[in-house]
Amino acid sequence: MCSRVSGNYPIRLVGALLIVALAVDLCIAEGRDPKRWEKNIRAFEDADKQTPPPQDPILFVGSSTIVGWDVKKWFPNRVAINRGFGGSEIADAAYYVDRIVFPYKPKLIVFYSGDNDIANKNTAEQVLGDFKHFVSRVREKLPNTPIVLVSIKPSIARRQFLDTMREANKLLAEYCKSDPNLHFVDIFSAMLDEKGEPRADLLRDDKLHLNEQGYSMVTEKVEAALKEVLSESAK
């Protein structure tokens, strides 16, 4: 049975949690009930009680790509909070919006999820539908908060799902065009080589998760989007 762990607890635990999250995310979910994440979400809440989080932050939400994204390191000039939980799907984030989004009153949300969904046999249309549901949940209390959606990334470990990922990204990008507060960041294209294969130089040894070079590339693209979105919001 695959156990799963989330990220961004107190600093002394981050390293150990990330190692576990990266390992377990290779597993296919055995149970799709979002309540399986209850302990992870409660751990976020316990951490917030110990160290009250800043209000009006940039909130990073999603699966293990978010877990491994050290927001203090990669976004040193931003007030950011990481609430990723490794192995999760889009529907899981939507289920817990009340507890991992609303309490922080974020000025902007950076969202990454979807490749676990596809590895768990979800179709591109299902991925789009789940993201629409996530957006609708967020809009219940944050109708104008910008959401920066990072495209589903390709990887060698999930090479067989590239076509579905490509189709899902196409659908997600088109959907984001329909709402001025949704912004799509394409990392998929930059993570393919000249032959259209996933780039090994951007991935860890597990051939699935981003390495330092991968995070550097993704951070550059997301930071550019943040500058643009936040400057527009300030007008």
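In the predicted model, strands β4 and β5 pair in the parallel sense over four bridges. Within this pairing, I147 of β4 has L182 as its bridge partner in β5. The two strands are also linked through a helix, as β4, α9 and β5 make a right-handed β-α-β unit. On its other side β4 pairs with β3, again in the parallel sense, over three bridges, and here I109 stands opposite I147.

These pairings belong to an open sheet of five strands, arranged in the order β2-β1-β3-β4-β5 with parallel pairing. The edge positions are taken by β2 (80-84) and β5 (182-185); each has a single partner strand, so one side of each is left without a neighbour in the sheet. On average, and with direction ignored, neighbouring strands of the sheet are turned by 20° against each other.

Strand β1 (residues 58-62) is joined to β3 (residues 108-112) by five bridges in the parallel sense. Along this pairing, L59 stands opposite I109 and F60 stands opposite V110. Five bridges likewise join β1 to β2, the two strands running parallel, with V61 opposite R83 of β2. Five of the five residues of β1 are buried, so this strand is largely enclosed by the rest of the structure. The burial extends to both faces of β1, with I58, F60 and G62 on one side and L59 and V61 on the other.

A similar description applies to β4. I147 and L149 point one way from β4, V148 and V150 point the other way, and all are buried. Helix α8 (residues 124-139) lies across β3, β4 (147-150) and β5, and runs at about 160° to β4. Helix α9 (residues 162-176) packs on the sheet as well, where α9 touches β4 and β5 and its direction makes about 145° with that of β5.

Contacts of F131 were examined with neighbours within four places in sequence left aside. On this basis, F131 is in contact with I90, F111, I147, L149, L172, Y175 and C176. I147 and L149, two of these contacts, are the residues that point one way from β4.

F131 also has a prominent place in the nonpolar interior: the largest nonpolar core has 68 residues, and those with the most contacts inside it are W69, V110, F131 and F134. Helix α10 (residues 212-234) supplies the largest share of this core, namely eight residues. In soluble globular proteins, nonpolar side chains tend to be buried together. V110, listed among the residues with the most contacts in the core, stands in β3 opposite F60.

Confidence in the model was considered for the chain and for individual segments. The mean pLDDT of the protein chain is 89, and 86% of its residues reach 70 or more. Two segments have low values. Over residues 1-17 pLDDT stays under 50, and the model has 44 contacts beyond four places in sequence for this segment. Over residues 19-31 pLDDT likewise stays under 50, with 32 such contacts in the model. Where pLDDT is low, the predicted coordinates should not be read in detail.

Note on methods
Residues numbered from 1 in each chain as written. Predicted model: local features only at pLDDT ≥ 70, side-chain atom pairs only at ≥ 80, totals over all residues. Heavy atoms only, no water. Pairing = 2+ DSSP bridges. Axes fitted to C-alpha atoms, helices over the stretch in contact; angles between N-to-C directions. Contact = heavy atoms within 4.5 Å. pLDDT = per-residue confidence, 0-100. Core = buried A, V, L, I, M, F, W, Y, C linked by side-chain atoms within 4.5 Å. Buried < 20%, exposed > 50% of the residue type's maximum accessible area, 1.4 Å probe, protein only. Right-handed = clockwise from strand over helix to strand, strands pointing away.
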